[in-house]
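Reader: I am new to this structure and would like to understand how its descriptive terms are earned. Could you take me through the reasoning step by step?

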Amino acid sequence: MATFSTEAASDALDAMNALANGGKIVVYSGTIPSDANAANTGTLQGTFTLNTPAFGAATNADPSVATLNGVPLSSTVTGAGATVTYARLLTSGDTPIQQYSVGQGSGEISFDNTTWDNGGTINLTALRISLPS
């Protein structure tokens with residue numbers, strides 16, 4: 001299997017994360033799609049608008065890691081309220097970049113709560129993306 005140098009992994013992660021500048025993270029309840037290329041499933045529960053730059057610089061390590069800027073981010077729950085199950089990172093033009101598991105203090109994206117009530121406020125507390133060398 002091919003591998004990256006740590007510098008190449010860091011550069012690749014920075015390039016991918018640049019796609020998210022001014023983008024958003026959308027969070028859904030319901031069945032989790034097979035991957036980021038599949039159509040959205042479930043009900044949209046909230047949207048977080050991202051900064052530019054969306055992520056800090058990737059580390060030059062194995063794995064290379066980048067952390068979301070501006071956290072915590074807050075959003076008003078727009079869905080009927082439910083337990084959220086997955087999230088997607090989108091470009092500013094709404095093209096999917098990545099899909100994530102979600103959790104309360106766990107998952108690839110961490111929220112302060114995973115059971116959301118309509119009209120309530122929810123906080124995204126952490127997102128770290130990594131790419132192995």
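Author: Let us begin with the contacts of Ser10, bearing in mind that this is a predicted model. Leaving aside residues up to four places away in sequence, Ser10 touches Ala58, Thr59, Asn60 and Ser64, and Ser10 itself lies in helix α1, which spans residues 6–18.

Reader: Why is Ser10 called buried?

Author: The term buried requires a relative accessible area under 20%, and Ser10 has a relative accessibility of 6%, so Ser10 counts as buried.

Reader: What makes the approach of the Ser10 side chain to the backbone oxygen of Thr59 a polar contact?

Author: The side chain of Ser10 reaches that backbone oxygen of Thr59 at 3.4 Å, and the cut-off asks for a pair of N or O atoms within 3.5 Å, so the distance meets the rule.

Reader: Why is the pairing of Lys24 and Asp94 called a salt bridge?

Author: The rule asks for a side-chain nitrogen of Lys or Arg within 4 Å of a carboxyl oxygen of Asp or Glu, and the side chains of Lys24 and Asp94 meet at 2.9 Å, N to O, so the pair qualifies as a salt bridge. By this rule the count comes to one salt bridge. Lys24 lies in strand β1 (residues 24–29) and Asp94 in the loop between β5 (81–90) and β6 (96–104), so the pair ties together parts that are 70 residues apart in sequence.

Reader: How do you know whether Lys24 and Asp94 are buried or exposed?

Author: Partly exposed is the term between under 20% and over 50%; Lys24, with a relative accessible area of 24%, is therefore partly exposed, and Asp94, at 43%, is partly exposed as well.

Reader: Which residues touch the most other members of the largest nonpolar core?

Author: That core has 26 residues, and those touching the most other members are Ile25, Phe48, Phe55, Leu89, Ile109 and Phe111. The elements that give two or more residues to this core are β1, β5, β6, β7 (109–111) and β9 (121–131), and the largest share, four residues, comes from β9. Beyond residues up to four places away in sequence, Ile109 touches several others, including Ile25, Tyr100 and Leu127.

Reader: What makes Asp112 partly exposed, and what joins the side chains of Asp112 and Asn123?

Author: Asp112, placed in the loop between β7 and β8 (115–117), has 35% relative accessibility, which falls between the two cut-offs of 20% and 50%, so Asp112 counts as partly exposed. A polar contact of 3.0 Å joins the side chains of Asp112 and Asn123, a distance within the 3.5 Å cut-off.

Conventions
Residues numbered from 1 in each chain as written. Predicted model: local features only at pLDDT ≥ 70, side-chain atom pairs only at ≥ 80, totals over all residues. Heavy atoms only, no water. Buried < 20%, exposed > 50% of the residue type's maximum accessible area, 1.4 Å probe, protein only. Polar contact = N/O pair within 3.5 Å; in protein donor to acceptor, adjacent residues only side chain to side chain. Contact = heavy atoms within 4.5 Å. Core = buried A, V, L, I, M, F, W, Y, C linked by side-chain atoms within 4.5 Å.
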